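What follows is a guided reading of a predicted model, to be taken alongside the sequence and the coordinates. The path leads from ring contacts to a helix and then to a covalent link.

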Amino acid sequence: AGLFPENVGLFVRDGALVPSLSIEDVSAMQMRGLDASLQQWIVDCATQSTCPMGRTKDEGISNVRAFLESLDKAPLPTSDPDRPLTESLAITAMIGAMYNTQWWPQLSDAYADAVRRGDGSALLEIADLMNSRNPDGTYQDNSFDAINAINNLDYSPEGTIEQWAAQAETLKNELPILGKYVGYPSAGLEAWPTKHAQRSRITAQGAAPIVVIGTTHDPATPYSMAQGLSGQLSSGVLVTVEGWNHTASRRGDHQSVTRAVEEYFVNGN
């Protein structure tokens with residue numbers, strides 16, 4: 001749309017990223033979105049008497065942090081004696097489950113197994129699913145390898161080591177759950193022996209209306225990104241969806257969004 005606006009017909013973006021943002025900004029915004037979703041998962045769970053995290057948000061946050069820290073010292077056994085539940089695997093399961101609220105009850109049950117029974121099997125199963133890991137140890141695809149190469153081409157490292165450390169410290173103090181695990185996205189990019197693309201605004205002047213769908217509490221592509229992209233595009237139209245899922249147009253629980261997208265593609269309005 002930016003290079004050839006006259007050739008763009010009907011274009012819908014969901015789960016948008018702002019093309020002018022740096023890797024430092026994108027990473028920080030995503031971690032804030034994921035931390036907010038984890039807190040909402042705790043709040044949602046706390047309304048139930050059986051919640052394994054406790055009955056309040058503060059109690060739940062403290063519980064989750066203590067659980068993760070305990071795994072760093074002593075991983076939990078699972079049904080596979082060779083694969084205990086580590087802190088990293090538990091974080092993978094929790095973050096992955098934030099992409100769809102339908103996963104929240106299963107995550108709560110798996111968390112209960114871990115903290116009450118000392119069994120990390122269910123959390124390990126969720127982590128494996130999020131990592132596309134097959135039972136035999138192979139992987140369904142190379143997407144987790146590919147994303148590193150893709151990010152390397154899309155973004156350039158920015159700032160100094162001192163600036164990276166300062167931002168990491170800021171996020172560590174800001175995010176009650178994920179603060180320990182954030183920071184230094186530019187450091188990974190700087191290690192690649194290849195060139196990086198330059199980030200810039202895309203206005204797509206002259207393109208037909210471009211629909212940008214934003215979910216108010218999207219954990220991975222926060223709503224502010226949809227606002228930013230639709231604002232940059234000269235013909236951008238923002239569609240707002242209330243919710244906590246990552247993206248909305250492909251999910252069955254947002255039929256109004258699906259109908260609006262279909263109407264746009266069929267009739268152009």
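Across the whole structure, a search finds three aromatic pairs. In one of them, tryptophan 41 and tyrosine 111 meet edge-to-face, with 6.1 Å from centre to centre and 85° between the planes. Because tryptophan 41 belongs to helix α1 and tyrosine 111 to helix α4 (residues 104–117), this pair ties together parts that lie 70 residues apart in sequence. Both tryptophan 41 and tyrosine 111 are buried.

Tyrosine 111 also pairs with phenylalanine 67: the ring centres are 4.9 Å apart and the planes stand at 70°, so this contact, too, is edge-to-face. Since phenylalanine 67 lies in helix α2 (residues 57–73) and tyrosine 111 in helix α4, the pair ties together parts separated by 44 residues in sequence. Phenylalanine 67 is buried, as is tyrosine 111, and the ring pairs link Trp41, Phe67 and Tyr111 into a cluster.

Helix α1, which carries tryptophan 41, runs over residues 23–46, and its 24 residues should span 34 Å at 1.5 Å a residue, which agrees with the 34 Å that separates its end C-alpha atoms. This helix is mostly covered, with 17 of its 24 residues buried.

The search of the whole structure for disulfides finds one, which joins cysteine 45 to cysteine 51 with an S to S distance of 2.2 Å. The link is right-handed, with 120° about the S-S bond. Cysteine 45 has a relative accessible area of 4% and is therefore buried, and cysteine 51, at 6% relative accessibility, likewise counts as buried.

Terms used: Residues are numbered from 1 along each chain as its sequence is written. This is a predicted model: local features need pLDDT of at least 70, side-chain atom pairs count only at pLDDT 80 or more; totals for chains, interfaces and linings use all residues. Side-chain values use heavy atoms; hydrogens and water are left out. A disulfide is a pair of cysteine sulfur atoms within 2.5 Å. Buried means under 20% relative accessible area, exposed over 50%, partly exposed in between (1.4 Å probe, protein chains only). Helices (H or I, at least four residues) and strands (E, at least two) are DSSP runs, numbered from the N terminus. The expected span of a helix is 1.5 Å times one less than its number of residues. Rings of Phe, Tyr and Trp (its six-membered ring) pair if their centres lie within 6.5 Å; planes under 30 degrees apart count as stacked, over 60 as edge-to-face and the rest as tilted.
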